[in-house]
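Could you have a look at this one with me? I've jotted down some points to go through while you turn the model around on your screen.

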Amino acid sequence: MSAKVDLYNNAYGNYATEVYRKIRLETYGQDLGQTSWVTSDESAEIIRLLELAGTSYVLEIGCGSGRYAIHVAEKTGCRVLGIDLNAPGIHTANQLAAEQDLSERVRFEICDASKRLAFY
């Protein structure tokens, strides 16, 4: 059996490196911290379909680096709580929110979504 490959710690732990930013830009056309197959158009469509507004409160499960959650908050004015099991991703997410002065509206927590969530 082959050794386990840890893609998430590498991606989120190296989020700020130029090579990862270039890969995201080349792959998706914009850098929302993506590590999924969702296109930029589909990401924009999510905001529209959910009719998010400044009064909305969003829970993003599996937020990774948090860049998409921050983008949603910037576009709509909503509040966002992002959760993910990956500690480097959550660290990066909270750092990005602080750098953009969004920590009051956007926050991120380490959480195992396969377990019962403490909020509903």
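Here are my notes, point by point.

1. **Ground rules.** This is a predicted model, where local features need pLDDT of at least 70, side-chain atom pairs count only at pLDDT 80 or more, and totals for chains, interfaces and linings use all residues. Residues are numbered from 1 along each chain as its sequence is written, and side-chain values use heavy atoms, with hydrogens and water left out.

2. **The layout.** Start by finding the 5 helices and 3 strands of the chain. Helices (H or I, at least four residues) and strands (E, at least two) are DSSP runs, numbered from the N terminus. Going from the N terminus, you meet them in the order α-α-α-β-α-β-α-β.

3. **Inside and outside.** Of the 120 residues in the chain, 38% count as buried. Buried means under 20% relative accessible area, exposed means over 50%, and partly exposed is in between (1.4 Å probe, protein chains only). The chain exposes about 7900 Å², and carbon and sulfur atoms supply 54% of that. These areas come from the Shrake-Rupley method with a 1.4 Å probe; for residues, only the protein chains shown count as cover.

4. **Contacts along the chain.** Take the contacts (heavy atoms within 4.5 Å) with a separation of 6 or more: 55% of them are between residues 24 or more positions apart. For a single example, click on Val72: leaving aside neighbours within four places in sequence, Val72 touches Ile47, Leu52, Gly77 and Cys78.

5. **The core.** Which residues have the most contacts inside the largest nonpolar core? They are Val58, Ile70, Val72, Cys78, Val80, Val106 and Phe108, in a core of 18 residues. Helix 4 (67–76), helix 5 and strand 3 each supply at least two residues of this core, and the largest share, 5 residues, comes from helix 4. A nonpolar core here is a set of buried Ala, Val, Leu, Ile, Met, Phe, Trp, Tyr and Cys residues joined through side-chain atoms within 4.5 Å.

6. **A nonpolar patch outside.** Now look at the surface: Val38, Ile46 and Leu50 form a nonpolar patch there, with about 240 Å² of accessible area together. Patches are made of residues with over 30% relative accessible area and no salt bridge; like charges are joined within 9 Å, nonpolar side chains (Val, Leu, Ile, Met, Phe, Trp, Tyr) within 5 Å. Ile46 belongs to helix 3 (residues 40–49) and is partly exposed, at 37% relative accessibility.

7. **Cysteines.** How many disulfides does the structure hold? The count is 0. A disulfide is a covalent bond between the sulfur atoms of two cysteines, and the cut-off used here is a pair of cysteine sulfur atoms within 2.5 Å. Cys63 has no such bond because the closest cysteine sulfur, in Cys111, is 9.8 Å away, which is too far. Cys63 is buried at 8% relative accessible area, and Cys111 is buried too, at 18%.

8. **Salt bridges.** The count is 4, taking a salt bridge as a side-chain nitrogen of Lys or Arg within 4 Å of a carboxyl oxygen of Asp or Glu. One of them joins Glu74 and Arg67 (3.5 Å, N to O); Glu74 is partly exposed at 40%, whereas Arg67 is buried at 14%. Another pairs Glu109 with Arg107, with the closest N and O atoms 2.1 Å apart. Lys115 and Asp112 also meet, at 3.6 Å from N to O; Lys115 is exposed at 55%, while Asp112 is partly exposed at 25%.

9. **Positive phi.** Most residues other than glycine have a negative phi, and most peptide bonds are trans. Glu51 has a positive phi, near 50°, and sits in the loop between helix 3 and strand 1 (57–61). Asp101 has a positive phi of about 55°, in the loop between helix 5 (87–99) and strand 3 (106–110). Glu51 is exposed at 67% relative accessibility, and Asp101 is exposed at 72%.

10. **One loop to zoom in on.** Gly29 lies in the loop between helix 2 (18–28) and helix 3 and is exposed, at 59% relative accessibility. The C-alpha atoms of Gly29 and Ser40 are 7.2 Å apart, with these positions 11 residues apart along the chain counted as their separation.
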